[in-house]
Structures are given as structure tokens and as C-alpha cells.
Amino acid sequence: MASRLTGRPVTGAPAGSGSPAEVTLACGTRVMVKRADAPGAVRAEVAGLRWLAAADAVRVPAVLGHDEHWMVTERVPTGRPGPEAALRFGQALADLHAAGAPRLGAPPPDGPEDAFIGLAPMRNTPGTDWPRWYAEHRVLPYVRGAVDRAALEPGEAAVFERVCARLPELAGPAEPPARLHGDLWHGNVLWGADGEVRLIDPAAHGGHRETDLAMLQLFGCPHLDRVLAGYEERAPLAGGWPERVGVHQLFPLLVHAVLFGRGYAEQALTVARNALAR
């Protein structure tokens with residue numbers, strides 16, 4: 001597969017079974033081969049990586065070839081996270097967000113509207129008002145999905161509906177659409193052996209920059225204090241942003257509730273109730 005997509009012969013067998021797998025090309029270059037079965041998933045990921053790369057901010061692995069179900073990217077040799085790399089990452093993330101997007105919910109150029117966040121469907125429907133768009137396209141669809149999968153009780157959906165009704169007052173000042181990675185948990189942050197961070201597995205779209213930062217905080221990120229310091233040096237956040245973190249975390253928590261069940265649904269309920277208590 002790697003040979004067909006890159007046009008180069010392969011000499012090394014995959015380092016492991018499954019996807020992604022590491023393959024060595026005849027020239028000695030090691031690459032990653034990844035499969036996605038869902039229609040449009042590879043197209044969405046490739047478009048997202050290229051859109052992020054076009055910002056010339058945070059680095060991403062180069063796409064070396066792809067088709068409908070397979071993609072080949074460069075392999076990133078990884079090292080240990082460090083405070084200086086974290087500071088530079090924060091600065092670069094601010095630059096990525098500042099590169100902007102045409103509208104909230106805008107997919108990357110050549111990317112499909114029906115995309116994915118991990119294994120969950122994610123529809124990129126454009127909008128102009130962040131509280132309304134976030135409620136309609138990033139919170140309530142996953143509330144319904146969690147209820148359908150019995151991760152949430154039907155009556156518990158009302159908690160999230162009340163948060164959505166209050167989003168205009170909870171959201172903070174309006175901001176222009178940012179160019180988001182969209183699935184920025186620590187597993188998608190590669191600390192390169194060269195001291196530079198790369199981002200992988202994007203769910204890229206136009207959104208609110210605080211959403212990426214909230215996801216970093218939700219699932220843990222090494223040297224997060226330095227990442228945030230670098231970000232604030234380059235692009236200070238609007239006042240009161242720490243109080244809004246939970247609102248932005250509702251999206252990834254509900255996605256996880258749909259994919260992984262009740263534990264994440266309970267976390268989402270706690271975050272929603274805390275938001276309502278403000």
C-alpha cells in the first residue's frame with residue numbers, strides 16, 4: 001500500500017499489525033500508513049493536515065500519498081516533552097488559530113462537510129453566531145447520540161439544553177473564527193526528538209480558539225502552563241477565559257460519551273451543572 005501511494009518501493013515490513021503501521025521505504029525513509037473505512041474519513045484528515053500546514057505555524061506530518069481508504073504520512077521521531085518546546089508550541093498554536101477560517105464550522109479546503117472527530121461523525125455546517133452554532137452543531141447532536149446509546153438518560157438531556165440556552169451569556173466576547181485542530185487531546189500532540197511539536201489526527205474546522213485550549217486542559221498536556229504562557233505571549237485570551245473552559249469541554253466530553261459510554265456522560269453532566277451554577 002505504501003509503495004502504491006508514494007511511488008517508492010518498500011523494503012521494511014510494518015513494525016506492528018493494524019493501523020496505523022510503520023513501514024520503511026527502499027530509500028530508508030520510515031513512514032506511517034493508516035486506514036480509515038468510513039466514507040470521507042481519509043479525505044477529511046488529509047484536507048485537515050494540509051490546511052493546518054498552510055498556516056505555517058504548528059508543524060504537522062507531511063502527507064505523502066492517499067486514496068479513499070489509506071493515507072501515508074511522514075513518521076515523526078519523538079522525544080521527551082520539555083518546557084521550551086511547550087512554550088514554542090503555545091506560540092505556534094496561537095499563530096495557527098490566528099490564520100483563521102472563512103466561517104464557523106467551515107471545513108478545510110477540499111474537505112467534506114461530513115467529517116469525523118476520532119470515530120464519531122462531525123458535521124461541518126457553517127454559521128456566524130458562535131453560541132448558536134456551538135449549541136446546534138457541537139453540543140446537542142452528541143447529547144442526542146449519547147441518549148440513543150443509553151450513555152445519558154433522556155431526562156438528563158435537559159441539563160445541556162439549559163446550558164445551550166444560556167450560551168450567549170456564558171460564551172464571552174465574540175471572536176473571529178479560528179483555524180482549529182479540533183481534536184487537540186495530548187495523544188494528538190507529538191513531541192518531536194528535534195524539540196518541535198507536531199499535531200496529528202485533526203478534526204479541523206473553523207471554530208472558537210478556546211475550544212482547542214480547553215481540550216488540552218481536559219485530557220492533560222505536559223507542561224501545560226508553559227503552553228498557555230506561550231499562547232498568551234502571542235495572542236492574549238479574552239478576560240474570564242478560565243471560567244469558560246468547561247463550556248468548551250462539553251463538546252469533547254459528549255463525543256466521548258457517544259463513543260465510550262456513561263463515565264464521560266457523567267463528567268459532561270458535572271461540567272454542565274457547574275456552568276449553570278455560574
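User: What stands opposite M32 in this model, and in which strand?

Analyst: In this predicted model, M32 stands opposite T73, which belongs to β5.

User: Why are β3 and β5 said to pair?

Analyst: Two strands count as paired if at least two bridges are found between them; β3 and strand β5, residues 70-74, are joined over 5 bridges in the antiparallel sense, and therefore they meet the requirement of at least two bridges.

User: What makes β2 and β3 a pair, and what lies between the strands of their hairpin?

Analyst: Strand β2 (residues 21-25) and strand β3 (residues 30-35) share 4 bridges and run in the antiparallel sense, so the threshold of at least two bridges is satisfied here as well. One of the bridge partners can be named, since A21 is matched with V33 in β3. Their hairpin has 4 residues between the strands, and in this hairpin G28 takes a positive phi near 95°.

User: Which residues have the most contacts inside the largest nonpolar core, and which element gives the most to it?

Analyst: The largest nonpolar core has 40 residues, and those with the most contacts inside it are F89, L93, V189, L199 and L216. Several elements each supply at least two residues of this core, including α2 (41-54), β9 (189-191) and α8 (241-260), while α3 gives the most, with 7 residues.

User: How do you know that F89 is in contact with V58 and V227?

Analyst: Contact requires heavy atoms within 4.5 Å, and F89 is in contact with V58, V189, V197, L199, L216 and V227 once its neighbours within four places in sequence are left aside.

How values were computed
Residues numbered from 1 in each chain as written. Predicted model: local features only at pLDDT ≥ 70, side-chain atom pairs only at ≥ 80, totals over all residues. Heavy atoms only, no water. Core = buried A, V, L, I, M, F, W, Y, C linked by side-chain atoms within 4.5 Å. Buried < 20%, exposed > 50% of the residue type's maximum accessible area, 1.4 Å probe, protein only.
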